[in-house]
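Here is a short tour for anyone who likes to look at a model contact by contact. Keep the viewer open while you read.

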Amino acid sequence: IFNRIFLNYPQLKEKWVFAKWLNSEEDIRSCTQLVCHSSQIINILSRVIENLKTDDSSQFHQIFELGKIHYNYGVRPQDFEVTNIEIESLYIFFFQ
């Protein structure tokens with residue numbers, strides 16, 4: 001998804017300190033910081049999904065803090081619309 005975001009919406013690269021030098025698909029795929037960031041996203045999403053099955057609300061504080069950090073980096077809700085667009089386009093490509 002980051003490949004598509006950075007290639008289709010290069011203006012969003014400024015939201016990531018390490019992304020301004022990522023200009024090709026090869027640059028994006030070989031960026032260890034991006035691989036780490038992607039792993040962290042998958043990790044937090046897995047925990048959120050797992051907590052939906054329980055009454056444990058302790059993760060909500062961590063997610064709220066994570067949101068504040070992203071806000072301080074300049075990420076705004078409309079920036080996530082791009083992610084939604086790219087996820088939907090991948091879904092359509094693979095499943096329809």
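Is Phe95 buried or exposed? Phe95 counts as exposed, because its relative accessibility is 61% and the cut-off for that class is over 50%. Please bear in mind throughout that this is a predicted model.

**Overall layout**

Let us step back to the whole chain before returning to the details. The secondary structure consists of five helices and zero strands, so the helices are described here by number, H1 to H5, from the N terminus. Along the sequence the pattern reads α-α-α-α-α. If you draw a box along the principal axes, the C-alpha atoms fill roughly 45 × 35 × 25 Å. Of the 96 residues in the protein, 25% count as buried.

Helix H4 is a good place to check the geometry. It covers residues 58–72, which makes 15 residues. From the first C-alpha of H4 to the last the reach is 22 Å, close to the 21 Å expected at 1.5 Å a residue. After H4 comes Gly74, and the phi of Gly74 is positive, near 100 degrees.

**The end of helix H5**

Phe95, the residue we began with, belongs to helix H5, which spans residues 77–95. Phe95 also takes part in a nonpolar surface patch of about 630 Å². The other members of that patch are Tyr91, Ile92, Phe93 and Phe94.

**Aromatic contacts**

A pair of aromatic rings is described by the distance of the centres and the angle of the planes. Searching the whole structure turns up five aromatic pairs. In one of them, the ring centres of Phe6 and Trp16 are 5.0 Å apart and the ring planes stand at 80 degrees, so this pair is edge-to-face; the cut-off for that label is an angle over 60 degrees. The Phe6 and Trp16 pair links distant parts of the chain, with the two positions 10 residues apart in numbering. Phe6 sits in helix H1 (residues 2–8), while Trp16 is in the loop between H1 and helix H2 (25–29). Both Phe6 and Trp16 are buried. Ring pairs also bring in Phe2, and Phe2, Phe6 and Trp16 are linked into a cluster.

A charged group meets a ring elsewhere in the chain. Arg76 lies over the face of Tyr71, at 3.6 Å from the ring centre.

**Salt bridges**

Side chains of opposite charge can pair when their charged atoms come close. The search of the whole structure finds four salt bridges, and the table lists some of them.

| Side chains | N to O distance | Location |
|---|---|---|
| Arg4 and Glu86 | 2.5 Å | Arg4 in helix H1, Glu86 in helix H5 |
| Glu25 and Arg29 | 2.8 Å | both in helix H2 |
| Glu65 and Lys68 | 3.4 Å | both in helix H4 |

How many residues apart are Arg4 and Glu86? They are 82 residues apart, and their pair links distant parts of the chain. The partners also fall into separate accessibility classes. Arg4 is partly exposed, because its relative accessible area is 32% and that class lies between 20% and 50%. Glu86, in contrast, is buried, because its relative accessible area is 3%, where the cut-off is under 20%. As a further reference point for Glu86, its C-alpha atom and that of Leu45 are separated by 17 Å, with their positions 41 residues apart along the chain.

The other two bridges in the table each stay within a helix. Glu25 and Arg29 are four residues apart in helix H2, about one turn of the helix. Glu25 is partly exposed, with a relative accessible area of 37%, whereas Arg29 is exposed, with 54%.

Glu65 and Lys68 are three residues apart in helix H4, again about one turn of the helix. Both members of this pair count as partly exposed: Glu65 has a relative accessibility of 27%, and Lys68 has 39%.

Conventions
Residues numbered from 1 in each chain as written. Predicted model: local features only at pLDDT ≥ 70, side-chain atom pairs only at ≥ 80, totals over all residues. Heavy atoms only, no water. Expected span 1.5 Å × (residues − 1). Phe/Tyr/Trp six-rings, centres within 6.5 Å; stacked < 30°, edge-to-face > 60°. Buried < 20%, exposed > 50% of the residue type's maximum accessible area, 1.4 Å probe, protein only. Lys NZ or Arg CZ within 6 Å of the ring centre and 35° of its normal. Patch = residues over 30% accessible without salt bridge, like charges linked within 9 Å, V, L, I, M, F, W, Y side chains within 5 Å. Areas by Shrake-Rupley, 256 points an atom, 1.4 Å probe, with all protein chains shown as cover.
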